[in-house]
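Thanks for coming. I will take one structure today and go through its parts in turn, so please keep the picture in view while I talk.

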Amino acid sequence: MKVEVKKIDGAKRELIIEASPEVVKNKFEDVLSKISKEAKVAGFRPGHAPRDIIEKNFASVAHEQVLKELVPEIYNQALESQKLDVVDLPQISDVKLDKENLSFKATVEVIPEISLKKYKGLKVGYKKIEVTADELKRSLDSIKESRKIDSLDDRIAKGFGYFSLEEFQKAVERQMLIQKENQQRAKIEHEVIQQLTKDVDFKVPQPLIDRQLEDLLRQAKLDLALKGLPKDKIDQEEENMRKELLPQAENQVKVYLILTEIAKKENIAVDEHVSGKVIEFLLREAEWKESA
């Protein structure tokens, strides 16, 4: 097999592929053998028609079947030999096939080359997390207002599943602390991603953007439906939502590709959890500094 790869742009490649004559001949042999066992030819029992009659009467069928089986096989072998990571189905063109030769072109979108700069030692600012007495009081006052009562006491605490008001207050404080921790974690991750992406420029493959956009759009429409918006109203807003979500989709794909590239460099398994694992790695390698 011969494979020539031409770079069209940052994420598109054209593969010119030629199968070896032996592979083509063997495929024709396999296909014709299967046809001869199943074909109905006047004057002959199935499987007993002479080979030359089979080849003459079923030439076009054999030709189509060889193409159907051999093009995907050779294409996948070409990808493997060239170590190309494609993101969508190929555009096949210029297909030529005879009894000993098969050649075609395949235009594909690939994962772009990503030139990573510094990703270890990123700056991370954090604050010591605490719940102040004023914050706790405001939260308890809010709970009291929602209950339409004058005060919180042990009896009200029991209604929330706690033995005493003191235990209930401690539980509220814990929940507030967890909320603050989650907020800081999200802020830190956002800052790390901002540092990663600000100086990295590459063309994000359109098929990946399109797929991510459809996922975001599907979720947005579901959220509106759960809020009670009628389907016809949701459909009317689809085009506007699509435009609004497009930058988000592109950015999410860009971030994913950068994180995946780091994973490959650091021998982190690329699976459905790759983003989280790379973020953990980056945070371990970061320079942490307490903020005022």
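Gln-91 has its bridge partner in strand 4, and that partner is Thr-107. This is a predicted model, so read what follows as computed from it. The bridge belongs to the pairing of strand 3 with strand 4, residues 102-109, which is antiparallel and covers 5 bridges.

Thr-107 also turns up on another side of strand 4. There, the bridge partner of Glu-14 is Thr-107. The pairing in question is strand 2 with strand 4, again in the antiparallel sense, with 8 bridges.

Now strand 1. Strand 1 and strand 2 are antiparallel and share 6 bridges. One example is Glu-4, whose bridge partner in strand 2 is Ile-16. Between strand 1 and strand 2 there is a hairpin of 4 residues.

Put together, what order do the strands of the open sheet take? The order is 1-2-4-3, with 4 strands and antiparallel pairing. At the edges sit strand 1, residues 2-7, and strand 3, residues 91-97, each paired on one side only. From one strand to the next the twist averages 15°.

One residue in this sheet is worth a stop. Arg-13 is found in strand 2, which spans residues 12-19. Is Arg-13 buried or exposed? Arg-13 counts as buried, because its relative accessible area is 7%, under the 20% cut-off. Setting aside neighbours within four places in sequence, Arg-13 has contacts that include Val-5, Lys-6, Lys-7 and Ile-8. The contacts of Arg-13 also include Ala-106, Thr-107 and Val-108, as well as Val-110 and Glu-113.

Next, the aromatic residues. How many aromatic pairs does the structure hold? There are 3. One of them is Phe-160 with Phe-168, a stacked pair with 4.7 Å from centre to centre and 20° between the planes. The two rings are not alike in accessibility: Phe-160 is partly exposed at 36% relative accessibility, whereas Phe-168 is buried at 5%. Tyr-162 joins Phe-160 and Phe-168 in one aromatic cluster.

A charge also sits over a ring. Lys-158 lies over the face of Phe-163, 4.9 Å from the ring centre.

Moving on to a helix. Glu-214 has its place in helix 7, residues 206-226. With a relative accessible area of 32%, Glu-214 is partly exposed. How far apart are Glu-214 and Lys-27 in sequence and in space? In sequence they are 187 residues apart, and from C-alpha to C-alpha the distance is 40 Å.

Last, the protein as a whole. By count, there are 9 helices and 6 strands. For 292 residues, a compact globule would have a radius of gyration near 19 Å, but this protein has 31 Å. Along the principal axes, the C-alpha atoms fill a box of roughly 100 × 45 × 40 Å. Of the 292 residues, 33% are buried. Among contacts with a separation of 6 or more, 66% come from residues 24 or more positions apart.

To go back to the start: Thr-107 in strand 4 is the bridge partner of Gln-91 and also of Glu-14. That is where I would begin when looking at the sheet on the screen.

How values were computed:
Residues numbered from 1 in each chain as written. Predicted model: local features only at pLDDT ≥ 70, side-chain atom pairs only at ≥ 80, totals over all residues. Heavy atoms only, no water. Phe/Tyr/Trp six-rings, centres within 6.5 Å; stacked < 30°, edge-to-face > 60°. Buried < 20%, exposed > 50% of the residue type's maximum accessible area, 1.4 Å probe, protein only. Lys NZ or Arg CZ within 6 Å of the ring centre and 35° of its normal. Helix = DSSP H or I, 4+ residues; strand = E, 2+ residues; numbered from the N terminus. Pairing = 2+ DSSP bridges. Axes fitted to C-alpha atoms, helices over the stretch in contact; angles between N-to-C directions. Rg over C-alpha atoms; globule rule 2.2 N^0.38 Å. Contact = heavy atoms within 4.5 Å.
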